[in-house]
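Let's take a walk through this protein together, going from the overall fold to single residues. Please have the sequence and the 3D view at hand.

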Amino acid sequence: MESEAASVEVAVELRAACRASGLVIEGLPAALDRLEEDERAHVAICRAFVEAIGLGTASDAAVREAAPHDRAPSLLVLSYVLTGLAICESVSALRFATVRAHTDLPIPRACLDRFLRDETTHARLGFDLLPLAIMQHSRAVGRERAARDVEDELRATSRHLDLVVGLDAERRGLTLIARDQPSDNPGVVEPMLDALTLYRGMERTIAPRLDRALAPLAVSASRAWIDRWT
Ligand SMILES: [Fe+2]
Ligand SMILES: [Fe+2]
């Protein structure tokens, strides 16, 4: 639920950053409205689900107003588009797909169908916006500086995801195995399966897709993932 609340923040802050940077694209305001609407719906679904299965009453997700940042507006846009949407929404979609495959109760499965559909759309929005965000930031600070900023962002995001989702498995020498999960499953998988989804996703689909998008900056997300701890 925290990650869904964080996704609402991404939507709110991306809208503010686009406004501050002067990024005007036809259809963007409507896409960002839809993004925020979806994420607020996800928070509400998570809250209802937690209460329905008797895990207590979840408090309303606190969504912060866009906080002041000292980063240039064009870098903020790039950061939200690259990390908040293209990477994190792709990871989220893959994780929901994995959980869904192990969820055999109909109502949680229907919720996961909705999450999976929405997060896939949000990831696509990120990849659609990425060329514009790169172009805008390159114009603001120059191509070389923009490339360094993207490399820094990729390293920070890769490290964060490895720690939060990936169990830091590679550095700890953990072997990640996809084991069977319990039946009558309401949508819970063991952390190892989640970590495996992240590792496979980054290596096989997300980083290669980013590599193509980042070609104008000659930045490799695959290399950044491999070198994230060096
Ligand atoms: Fe979401
Ligand atoms: Fe999302």
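Two residues are in contact here if their C-beta atoms, placed from the backbone, lie within 7 Å. With that in mind, look at the N-terminal pair of helices, where Glu 4, Ala 5, Ser 7, Val 8, Ala 11, Val 12, Leu 14, Arg 15 and Cys 18 of α1 meet a set of residues from α2, namely Leu 28, Leu 32, Leu 35, Glu 36, Glu 39, Arg 40, His 42, Val 43 and Cys 46. Sorted by class, this contact between α1 and α2 holds 11 nonpolar, two polar and five charged residues.

Before following that pair further, let's step back to the whole chain. This is a predicted model, and its protein chain has eight helices and zero strands. Read from the N terminus, the order of elements is α-α-α-α-α-α-α-α. The chain's radius of gyration is 18 Å, close to the 17 Å that the globule rule gives for 230 residues, so the chain is as compact as a globular protein of that length. Its C-alpha trace spans about 55 × 40 × 25 Å along the principal axes. Of the 230 residues, 37% count as buried. If you take the contacts between residues at least 6 apart in sequence, 78% of them join residues at least 24 apart.

Now for the helix packing. Two packed helices are described by the angle between their axes and the distance between the axes. Helix α1 covers residues 2–21 and helix α2 residues 28–52; the two pack at an angle of about 165 degrees, with their axes 8 Å apart. That angle makes α1 roughly antiparallel to α2, since angles over 145 degrees count as such. The crossing of α1 past α2 is left-handed.

Which residue of α2 is a good place to zoom in? Try Glu 39, which lies in helix α2. Is Glu 39 buried or exposed? Glu 39 has 26 other C-beta atoms within 10 Å, so it is buried, the cut-off for that being 20 or more. Setting aside residues up to four places away in sequence, Glu 39 touches Glu 4, Ser 7, Val 8 and Ala 11, and these four appear among the α1 residues that meet α2. The C-alpha atoms of Glu 39 and Val 8 are separated by 5.3 Å, although the two residues are 31 apart along the chain.

Next, turn to helix α3 (residues 73–101), which takes part in two of the packings on this tour. With helix α5 (residues 143–164), the axes come within 11 Å and cross at roughly 35 degrees. The crossing of α3 and α5 is right-handed. On the α3 side the contact is made by Leu 75, Ser 79, Leu 82, Thr 83, Ile 87 and Val 91, and on the α5 side by Asp 149, Val 150, Glu 153, Thr 157 and Leu 161. These residues divide into six nonpolar, three polar and two charged.

With α7, the axis of α3 comes within 9 Å and the two cross at roughly 135 degrees. α3 and α7 are therefore oblique to each other. Here, too, α3 passes its partner α7 in a right-handed crossing. From α3, the residues Ala 86, Ile 87, Ser 90, Val 91, Leu 94, Arg 95 and Thr 98 meet Leu 193, Asp 194, Thr 197, Leu 198, Gly 201, Ile 206 and Leu 210 of α7. By class, the contact of α3 with α7 has eight nonpolar, four polar and two charged residues. Notice that Ile 87 and Val 91 of α3 are listed in the contact with α5 and also in the contact with α7.

Finally, have a look at the loops. Pro 186 lies in the loop between α6 and α7. With 16 C-beta neighbours inside 10 Å, Pro 186 counts as partly exposed. Beyond its neighbours within four places in sequence, Pro 186 is in contact with Ile 53, Thr 103, Leu 105 and Pro 108.

Two other loop residues deserve a check of their backbone angles. Most residues other than glycine have a negative phi. Asp 168, however, has a positive phi of about 55 degrees, and Asp 168 is partly exposed, with 14 other C-beta atoms within 10 Å. Ala 218, in the loop between α7 (191–213) and α8 (221–226), likewise has a positive phi, near 55 degrees. Ala 218 has 9 C-beta neighbours inside 10 Å and so counts as exposed.

Conventions:
Residues are numbered from 1 along each chain as its sequence is written. Chains are lettered from A and ligands numbered from 1 in the order in which they are written. This is a predicted model: local features need pLDDT of at least 70, side-chain atom pairs count only at pLDDT 80 or more; totals for chains, interfaces and linings use all residues. The radius of gyration is taken over C-alpha atoms; the globule rule is 2.2 Å times the number of residues to the power 0.38. A residue is buried if 20 or more other C-beta atoms lie within 10 Å of its own, exposed if 12 or fewer, and partly exposed in between; C-beta atoms are placed from the backbone. Axes are lines fitted to C-alpha atoms, for helices over the stretch in contact, and angles run from 0 to 180 degrees between N-to-C directions. Angles under 35 degrees count as roughly parallel, over 145 as roughly antiparallel, 65 to 115 as roughly perpendicular and the rest as oblique. A crossing is left-handed if the near helix is turned anticlockwise from the far one by less than a right angle, and right-handed if clockwise. Ala, Val, Leu, Ile, Met, Phe, Trp, Tyr, Cys and Pro count as nonpolar, Asp, Glu, Lys and Arg as charged, and the others, Gly among them, as polar.
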